[in-house]
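User: Let's take this one question by question. Show me the sequence and the model before we start.

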Amino acid sequence: MSYSFQLPASDGSVFESSLHLPLVVYFYPKDNTAGCTTEGLDFNRLLPEFQALGYTVVGISRDSVKSHQNFCGKQGFRFLLLSDTDETVCRLFDVMKPKKLYGKEYVGIERSTFVLNAAGEIVREWRKVKVAGHAQAVLDAVKEL
């Protein structure tokens with residue numbers, strides 16, 4: 001199955017996935033939170049290596065474009081964050097999952113990463129991601145493709 005989507009991006013453009021393949025897409029719960037900041041900084045640090053292999057890296061959450069712009073500006077991210085406020089792409093990749101926080105149940109983004117090949121097909125995926133070492137693990141996997 002080929003995955004294709006359009007979402008508003010942190011640079012004010014509309015990101016069209018089919019124009020940026022191959023692609024690393026990571027889904028994260030919320031801008032400006034500890035784990036999401038660390039994950040973004042790790043991908044940002046490794047971005048030149050992903051780019052040297054021909055890959056575009058994008059992060060997706062349900063936060064607004066304005067929130068993404070602030071997050072990118074504060075952290076110096078050199079890749080786009082995409083805004084999926086209506087959860088269309090989150091549902092396409094099946095990352096909306098039941099969660100619990102302080103005993104309260106809700107549906108939120110399960111931290112997940114997908115590598116799409118030049119045809120837009122998922123060739124690697126990680127679900128229930130633990131942040132530590134994850135961006136490096138994705139880079140190592142991309143190097144093997």
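Analyst: One term up front: buried means under 20% relative accessible area, exposed over 50%, and partly exposed in between (1.4 Å probe, protein chains only). The model is predicted, so local features need pLDDT of at least 70 and side-chain atom pairs 80 or more, while totals for chains, interfaces and linings use all residues. Residues are numbered from 1 along each chain, and side-chain values use heavy atoms, without hydrogens or water.

User: Is Arg91 buried or exposed?
Analyst: Arg91 has a relative accessible area of 52%. That is over the 50% limit, so Arg91 counts as exposed.

User: Which residue meets the side chain of Arg91 in a salt bridge?
Analyst: A salt bridge here is a Lys or Arg side-chain nitrogen within 4 Å of a carboxyl oxygen of Asp or Glu. The whole structure has 9 of them. For Arg91 the N to O distance is 2.5 Å, and the partner is Glu87.

User: Where do Glu87 and Arg62 sit, and how many residues apart are they?
Analyst: Their side chains also meet in a salt bridge, at 2.8 Å from N to O. Helices (at least four residues) and strands (at least two) are DSSP runs numbered from the N terminus. Glu87 is in the loop between strand 5 and helix 3, and Arg62 in the loop between strand 4 and helix 2 (65-75). The pair links distant parts of the chain, 25 residues apart.

User: Glu87 and Arg62: which one counts as buried?
Analyst: Arg62 has 29% relative accessibility and counts as partly exposed. The other partner sits at 14%, so the buried one is Glu87.

User: What is the distance in the salt bridge of Asp94 and Lys97?
Analyst: Both partners are partly exposed, Asp94 at 41% relative accessibility and Lys97 at 22%. Their side chains meet with an N to O distance of 3.1 Å.

User: Which residues do salt bridges with shared partners join into one network?
Analyst: Glu87 meets Arg62 in one salt bridge and Arg91 in another. Sharing that partner makes one network of Arg62, Glu87 and Arg91.

User: What kind of pair do the rings of Phe5 and Phe93 make?
Analyst: Rings of Phe, Tyr and Trp (six-membered ring) pair if their centres lie within 6.5 Å; planes under 30 degrees apart are stacked, over 60 edge-to-face, the rest tilted. The structure holds 13 aromatic pairs. In this one the centres are 6.0 Å apart and the planes stand at 85 degrees, so the pair is edge-to-face.

User: How many residues apart are Phe5 and Phe93?
Analyst: Both rings belong to buried residues: Phe5 is at 5% relative accessible area and Phe93 at 2%. Phe5 comes in the segment before strand 1 (6-8), while Phe93 is in the loop between helix 3 (88-92) and strand 6. Along the chain they are separated by 88 residues.

User: What is the strand order in the open sheet of 5 strands?
Analyst: Two strands pair if DSSP finds at least two bridges between them. Strand 5 (80-83) and strand 9 (122-126) each have a single partner, so they stand at the edges. With mixed pairing, the order is 5-4-3-8-9.

User: In strand 4, what is the bridge partner of Leu23?
Analyst: Strand 3 (residues 23-27) and strand 4 (residues 56-61) run parallel and are joined by 5 bridges. Leu23 is matched there with Thr56.

User: How far apart in space are Asp31 and Asp63?
Analyst: Asp31 lies in the loop between strand 3 and helix 1 (34-52) and is buried, at 5% relative accessible area. Asp63 is 32 residues away in sequence, yet C-alpha to C-alpha the two are separated by 6.8 Å.

User: Which residue in the turn of the hairpin of strand 6 and strand 7 has a positive phi?
Analyst: The two strands run antiparallel with 6 bridges, one of them pairing Pro98 with Val107. Just 2 residues lie between the strands. The residue asked for has a phi of about 50 degrees and is exposed, at 84% relative accessible area: Tyr102.
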